[in-house]
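User: I should like a close look at a single strand in this model, together with the elements that surround it. Please give one connected account.

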Amino acid sequence: MAEELEELWKKLTVTEAEDEDIKLGSKSTRAAKEIGKNCIVMKILTQRTVILEALKKNMRMLWKPSKGMQISEIEEDLFLVEFGDGRDKKKVMEMCPWSYEKQLILMQDFEGELVPKEIKLKWVPFWVQIFNLPLKCMTRESGYEIGSKIGVVLDVDVPEKGVQWGKFLRVRIRLDATTKLIRGKKVSVEGGESRWVFFRYERLPNFCYRCGMLDHGEKDCPERKEVENHGEEERKQYGAWLRGEPGRSSRNDYGRMGEERTPEKSEEQKEPETETLTRVQLRLKENAVVGFEILQEFVVHVLRHVFQPSL
Ligand SMILES: [Zn+2]
């Protein structure tokens with residue numbers, strides 16, 4: 001609608017009365033700028049239509065904002081989220097990436113200077129795990145250097161000393177979500193031979209296993225028809241193996257002895273529940289055995305008592 005009006009406007013001759021520059025001062029923008037601090041602009045990276053009511057319901061359940069939130073459609077498939085509390089916004093932004101119906105959500109801070117249709121969303125922060133690094137490269141500097149080749153580095157998950165031992169190095173990177181996922185890069189260290197380092201992305205939603213784009217699934221892939229004559233395996237250049245199990249920040253648990261910072265940890269955390277269950281079951285079994293033994297003794301005692309006189 002806005003575009004149609006703009007096209008129409010170009011063809012019109014402006015009258016003298018219309019050709020007046022209305023000056024809006026800071027008073028006119030104050031309220032929106034103030035509320036805008038608690039707002040984000042958001043877009044779902046999908047080729048399907050997003051229903052506003054369904055989106056509102058889903059995001060409220062997912063984010064559970066402490067002071068409520070409003071979602072408004074400000075342009076086709078572009079939404080503005082207003083949080084009742086700035087802390088809710090901060091929390092949501094820090095926990096990016098999010099997904100809606102398994103498709104990636106792009107979001108950014110409120111930009112008051114722009115008309116909605118001028119807002120182009122494409123950046124999204126991910127925790128990226130870098131595998132196959134030589135031990136001497138498990139540093140903040142290596143994280144920054146490698147990470148900056150695939151996006152904008154926001155953070156490297158290393159403690160104060162700058163080194164983090166582990167199976168991989170975690171780097172927070174703002175990626176361009178409108179390009180193909182990068183699976184790896186060649187790295188040579190201190191003039192040595194090149195080797196491949198591999199990337200895994202934490203909280204990676206749906207993406208195309210055929211072409212590596214995030215805005216569609218395999219079924220909707222435009223490259224699908226082009227490669228119909230090739231074998232299925234040959235076509236799948238991407239896969240679920242690009243997903244990394246969400247890790248934990250080395251700084252949060254740094255200093256706690258006896259704890260590992262590996263992705264398997266989340267699996268391990270499930271163990272106590274199973275363990276408790278097993279212990280309870282064992283105790284029940286033990287009780288049953290003890291109970292049976294008591295009953296056995298009782299029966300023997302009764303039998304002895306009954307039959308004793310006749311012996
Ligand atoms: Zn594709």
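Analyst: In this predicted model, strand E1 (residues 39–44) runs antiparallel to E3, and four bridges join the two. Within that pairing, Val41 has Leu80 of E3 as its bridge partner. Strand E3 also pairs with strand E2 (residues 69–75): six bridges connect them, again in an antiparallel arrangement. In this second pairing, Met69 stands opposite Phe83 in E3. E2 and E3 form a hairpin with two residues between the strands, where Asp77 adopts a positive phi near 60°.

The side chains of E3, which spans residues 78–83, alternate along the strand. Phe79, Val81 and Phe83 are buried and point to one face. Leu78, Leu80 and Glu82 point to the other face and are not buried. The bridge partner of Val41, Leu80, thus belongs to the face whose residues are not buried, whereas Phe83, opposite Met69, belongs to the buried face.

E3 also contributes to the largest nonpolar core: E1, E3, strand E5 (103–109), E6, strand E8 (169–176) and strand E10 (194–202) each supply at least two of its residues. This core has 36 residues, and those touching the most other members are Met42, Leu104, Leu106, Phe126, Val128, Ile130 and Ala177. E6 provides the largest share, five residues. At least three residues of the core come from each of domain 1 (32–118) and domain 2 (123–261). Leu104 illustrates these connections: leaving out residues up to four places away in sequence, Leu104 touches Leu45, Pro97, Ser99, Val124, Ala177, Pro205 and Leu214.

Beyond E6 (123–131), the loop leading to helix H5 (140–147) holds Met138. Met138 has 19 other C-beta atoms within 10 Å and is therefore partly exposed, since a buried residue requires 20 or more. Apart from neighbours within four places in sequence, its contacts are Leu133, Val163, Gln164, Trp165 and Leu169. The C-alpha atoms of Met138 and Gly166 lie 8.0 Å apart, although 28 residues separate the two along the chain.

Another element to place beside these strands is helix H3 (residues 52–63), whose 12 residues reach 16 Å from first C-alpha to last, close to the 16 Å expected. Lys64 follows H3 and has a positive phi near 40°.

As for the wider setting, the protein chain contains eight helices and 11 strands. Of its 311 residues, 18% are buried. Among contacts with a separation of 6 or more, 63% involve residues 24 or more positions apart.

Definitions and conventions. Residues numbered from 1 in each chain as written. Predicted model: local features only at pLDDT ≥ 70, side-chain atom pairs only at ≥ 80, totals over all residues. Buried ≥ 20, exposed ≤ 12 C-beta atoms within 10 Å, placed from the backbone. Pairing = 2+ DSSP bridges. Contact = placed C-beta atoms within 7 Å. Expected span 1.5 Å × (residues − 1). Core = buried A, V, L, I, M, F, W, Y, C linked by C-beta atoms within 7 Å. Domains from an automatic or database assignment.
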